[in-house]
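Thank you all for coming; I would like to walk you through one model this morning, beginning with its sheet and ending with its pocket. Please have the structure open while I talk.

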Amino acid sequence: MDIKNLERLLGARYTDSYAPGHTGCHILRFQTESQNGLVAKFAPEGNAIAGEEIESNLRGYGRISDLGGSNLVPPALKEVSFAD
């Protein structure tokens, strides 16, 4: 994962990260110029379990929204894929 590509995509500066959890997903923290914090969670290529976790997260947020809880869903939630 090229963090510079992610910084450009998000329009934010990388600040730090958390150690990968039991599924191997990585969580990176970013800061925008307006001081809004963003979090990027990614699954390394080839890690099927991490990919399944992210898919489950997206389904879960979609279901929360469907049930009327859209105010609980992060406003900038989106899925992006990178070649690296």
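**Sheet, helix and pocket**

Strand S2, residues 26-32, and S3 pair in the antiparallel sense over six bridges, where strands are DSSP runs of E with at least two residues, helices are runs of H or I with at least four, both numbered from the N terminus, and two strands pair if DSSP finds at least two bridges between them. I should say early that this is a predicted model, in which local features need pLDDT of at least 70 and side-chain atom pairs count only at pLDDT 80 or more, while totals for chains, interfaces and linings use all residues. Residues are numbered from 1 along each chain as its sequence is written, and side-chain values use heavy atoms, with hydrogens and water left out.

Within that S2-S3 pairing, Gln-31 stands opposite Gly-37 in S3. The whole open sheet has three strands, in the order S1-S2-S3, with antiparallel pairing; its edge strands, S1 (12-18) and S3 (37-42), each pair on one side only.

Helix H1, residues 3-10, lies across S1, S2 and S3 and runs at about 50° to S2, contact meaning heavy atoms within 4.5 Å, and axes being lines fitted to C-alpha atoms, for helices over the stretch in contact, with angles from 0 to 180 degrees between N-to-C directions.

Which elements give two or more residues to the lining of the largest pocket? They are H1, S3 and helix H2 (48-66), and H2 gives the most, with seven residues. A pocket here is an open set of points on a 1 Å grid over the protein atoms alone, where a 1.4 Å probe fits, with protein on both sides within 12 Å along at least five of seven lines, and lining residues have an atom within 4 Å of a point.
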